[in-house]
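Trainee: I would like to work through this structure with you. Where do we begin?

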Amino acid sequence: MCGLSAFFDLCKRPLHSGSPPKSDKDEERERLLERLDRSVESRRYRGPDAKGTWIAPDNNVGLGHVRLCTRDLSSAGTQPLHSSNEAEDIHVVVNGELYYDTSLRKSLEQEYTFQSTSDSEILIPLYKRYGTAFTHHLRGEFSLVLYDGKTQILVAARDRFGVKPLHYGRLLVATQCKGIVQLLANPESLQWDVQCLAQGGGHYGSRTLIEGIRKFPPGHILVVRADQAMEAPLVIQPYFRTNYTANKGGLDSRPAEELVTELRSRLLEAVRLRIVGSDVPVGVLLSGGVDSSAVAGMAAHVSKQRLAANNGNALALPTCFTIGFPADDDLDESAIARRTAEHLGLPFEKLVVTEQILADEFDEACWLGETLMWDLQHIAKKALSKHIASRGLKVVLNGDGSDELFGGYSHFVADRLLADDERRVASLQSVNSVQRERLQQDYPQAWFGQENKDFDENG
């Protein structure tokens, strides 16, 4: 988990002949650096290990970053990262993790001199090789901003399923809304987005609680050029779409056993990449559910293989962490989690979350979350994260996301209705859609009124 900030000023024309006096330019630079620093500092909790800022010589672009070190713990991995050849003038900030085979890096080493072992630096040679199509070659959970000084192009992108956050307000970009607020010259002009509040508080669609700040859509990329007109709408395009067989009017005809085998193989590979790719110890968030239990089982399998292959010299087995409640609470799944950890041979720790802990963590959890919550679950998770950090861990695996992939909750219907899908003729977004009316009747608790106009760049 890291934090990034970026701005791109189209009002300036780097190649125009009439440059401002040097003194004015220096004063402007100081103001921009102050805002950029304020922006990244507002999310220092996301990256306590290092901080970096960079502003282009013409002051039209700025990148900022706070770092949580999990790969390449040296200062060489501090961001923004810059191309090893200064003449190439490529700069990037990344939040998240990128996973790739060593063969890809070895191939890129023939074209580019790496300055670190950071997974994020691979973006620079990938961009050099593929241009803005480099996102098609990324695997991982990430949000990023890249600037090409030679061509005056700014690129922003988010991972395929939106694991890592990214927000934007015109050409201000940051991992969270508070980062954009601090980039503004007049943050007092911001207002609450009332429609967002009426539609679930930012859980659905692209709106946030602050008018004019939007969530960057998962699996999308934004490319902005310096010669683009300031009033021109931003074009945020998909570089990835889910491709389920059911979308084509049919079902997968393979036997169930084959589907189970493929799912297990893919999940095991995902867990392996995350454990092997970390230079720090890894933990597991374990509940009584199938999803986190499956991840814990595979983490145990991969870690024990590493121990055996390295004669016990690999990083220690992952510790399982879970939330417990007072003995009379029927929501407590810690007993199941403990039995699962014992069965897997993994260390286990439980944090008992009391009403006092929920009260103590409430304010900060709301500040960090930047959205409305239906219950106190996020506060309990925040308390558990605080406990895990106190144990010296920076990385944990969990089962989050499986419900979204497998359609586990009825409230996802609202998100479906608010999403654009031009591939369907009988779209659920149609006001007169019979399907829409039926879903509204069947799931009234998940309905938030008129649809959200996603990607309205003028909001």
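Mentor: We begin with a cut-off: buried means under 20% relative accessible area, exposed means over 50%, and partly exposed lies in between. Keep in mind that this is a predicted model.

Trainee: Is Glu258 buried, exposed or partly exposed?
Mentor: The relative accessible area of Glu258 is 37%. Partly exposed runs between the 20% and 50% limits. Glu258 is therefore partly exposed.

Trainee: Which residue meets Glu258 in a salt bridge?
Mentor: The N to O distance in this pair is 3.9 Å. A salt bridge needs a nitrogen within 4 Å of a carboxyl oxygen. The partner has 31% relative accessibility, so this residue counts as partly exposed. The partner of Glu258 is Arg254.

Trainee: How many salt bridges does a search of the whole structure find?
Mentor: The pair Arg254 and Glu258 is a salt bridge. Asp37 and Lys51 form a salt bridge as well. The search of the whole structure gives 20.

Trainee: How many residues apart are Asp37 and Lys51?
Mentor: Their side chains meet in a salt bridge, at 2.6 Å from N to O. The pair links distant parts of the chain: Asp37 belongs to helix H1 (residues 22–41), Lys51 to strand S2 (residues 50–55). Asp37 is partly exposed at 28%, and Lys51 is partly exposed at 32%. Their separation along the chain is 14 residues.

Trainee: Which residues are linked with Asp37 and Lys51 in a network of salt bridges?
Mentor: Asp37 and Lys51 meet in a salt bridge. Their network has two further members, Glu41 and Arg44.

Trainee: How many residues apart are Lys394 and Asp49?
Mentor: Lys394 forms a salt bridge with Asp49, with the closest N and O atoms 2.7 Å apart. Lys394 lies in the loop between helix H10 (377–390) and S16, and Asp49 in the loop between H1 and S2. Both count as partly exposed, Lys394 at 34% and Asp49 at 35%. The pair is separated by 345 residues.

Trainee: What span should helix H7 have, at 1.5 Å a residue?
Mentor: H7 has 20 residues, 290–309. The expected span is 1.5 Å times one less than the number of residues. The end C-alpha atoms are 29 Å apart, which agrees with the expected 28 Å.

Trainee: Which elements do the buried residues of H7 pack against?
Mentor: The buried residues of H7 include Ser292, Val295, Met298 and Val302. The buried residues pack against helix H6 (256–276), strand S13 (282–285), helix H8 (334–344) and strand S16 (395–397).

How values were computed:
Residues are numbered from 1 along each chain as its sequence is written. This is a predicted model: local features need pLDDT of at least 70, side-chain atom pairs count only at pLDDT 80 or more; totals for chains, interfaces and linings use all residues. Side-chain values use heavy atoms; hydrogens and water are left out. Helices (H or I, at least four residues) and strands (E, at least two) are DSSP runs, numbered from the N terminus. Buried means under 20% relative accessible area, exposed over 50%, partly exposed in between (1.4 Å probe, protein chains only). Contact means heavy atoms within 4.5 Å.
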